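Visitor: I have a new structure to look through, and I would like a guided tour. Could you take my questions one at a time?

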Amino acid sequence: MSLRDKIDNDYKSSLKSKDKNKISTLRLILSAMKDLDISNRSGPNKKETDDDDIKKLLKKMIKQRNESIELYKKSNRSDLLEVEKNEVNILSSYLPKQMSEDETKKICKETIDKIGAASLKDMGKVMGELKKKYSDTIDFSKAGIIIKEFLNKWWSIQKSI
């Protein structure tokens with residue numbers, strides 16, 4: 001079953017069960033998917049919207065919600081904070097399970113060692129390698145911070161020798 005079909009089916013079942021929170025979030029997803037379909041049909045690169053496009057869309061929506069969550073935390077808006085967290089949970093349920101921070105650190109370290117990255121100039125190579133292998137399961141905002149940390153430590157050690 002495609003991701004689009006799963007979202008459609010979940011929307012229909014949430015309508016039947018009258019789950020208002022899930023209905024509104026799924027409507028947002030469906031609306032964004034229709035916009036994506038329209039943009040994919042127009043322009044020079046016409047194509048059908050596939051599961052990868054929908055996953056990218058969901059990740060973008062999660063990122064937007066996470067930014068809102070940070071703002072709501074700073075302004076002590078717990079009512080809006082809960083709504084956004086609920087939306088993130090629903091959106092995340094359609095994506096493959098993300099790696100934990102420890103797993104991400106381990107994979108980043110292995111990739112840095114494999115490539116032989118020695119400075120921040122090599123960060124693009126490391127990120128490119130991670131995207132090839134782990135594009136669905138790794139949070140690249142966390143991975144970027146971890147990679148910088150590892151490369152800065154390595155660079156500091158090399159300069160002190």
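Visitor: What pLDDT does the protein chain average, and what percentage of the residues score at least 70?

Guide: Happy to help. This is a predicted model, in which local features need pLDDT of at least 70 and side-chain atom pairs count only at pLDDT 80 or more, while totals for chains, interfaces and linings use all residues. Residues are numbered from 1 along each chain as its sequence is written, and side-chain values use heavy atoms, leaving out hydrogens and water. With pLDDT being the predictor's confidence in each residue, from 0 to 100, the chain averages 85, and the share of residues scoring at least 70 is 95%.

Visitor: Where in the protein chain is confidence lowest?

Guide: Helices here are DSSP runs (H or I, at least four residues), numbered from the N terminus. Confidence is highest in α1, at a mean of 92. At the other end, with a mean of 73, is helix α7, residues 140–160.

Visitor: Which helix supplies the largest share of the largest nonpolar core?

Guide: A nonpolar core is a set of buried Ala, Val, Leu, Ile, Met, Phe, Trp, Tyr and Cys residues joined through side-chain atoms within 4.5 Å. Of the 22 residues in the largest one, Ile-7, Leu-26, Ile-29, Met-33, Leu-58 and Tyr-94 touch the most other members. Helices α1 (3–17), α2 (20–41), α3 (51–74) and α4 (78–92) each supply at least two residues. The largest share, 7 residues, comes from α2.

Visitor: Which residues is Leu-58 in contact with, leaving aside its neighbours within four places in sequence?

Guide: Contact means heavy atoms within 4.5 Å. Leu-58 belongs to the group that touches the most other members of the largest core. Its contacts beyond those sequence neighbours are Leu-3, Ile-29, Leu-91, Tyr-94 and Leu-95.

Visitor: Are Arg-65 and Glu-87 buried or exposed?

Guide: Their side chains meet in a salt bridge at 2.5 Å, N to O; the term asks for a side-chain nitrogen of Lys or Arg within 4 Å of a carboxyl oxygen of Asp or Glu. The pair links distant parts of the chain, with Arg-65 in α3 and Glu-87 in α4, 22 residues apart. On relative accessible area, buried means under 20%, exposed over 50% and partly exposed in between (1.4 Å probe, protein chains only). Both Arg-65 and Glu-87 are buried.

Visitor: Why are Lys-109 and Asp-113 separated by about one helical turn?

Guide: These two side chains also meet in a salt bridge, at 3.2 Å, N to O. Lys-109 is partly exposed at 39% relative accessibility, and Asp-113 is partly exposed at 49%. They are about one helical turn apart because both sit in helix α5 (residues 101–115), at a spacing of 4 residues.

Visitor: Lys-109 lies over the face of which residue?

Guide: A charge sits over a ring if NZ of Lys or CZ of Arg is within 6 Å of the ring centre and within 35 degrees of the ring normal. Lys-109 is placed at 6.0 Å from the ring centre, over the face of Phe-150.

Visitor: Is Met-99 buried or exposed, and what is its relative accessible area?

Guide: Met-99 is found in the loop between α4 and α5. Leaving aside its neighbours within four places in sequence, Met-99 is in contact with Thr-104, Ile-107, Tyr-134 and Thr-137. Met-99 counts as buried, because its relative accessible area is 15%.
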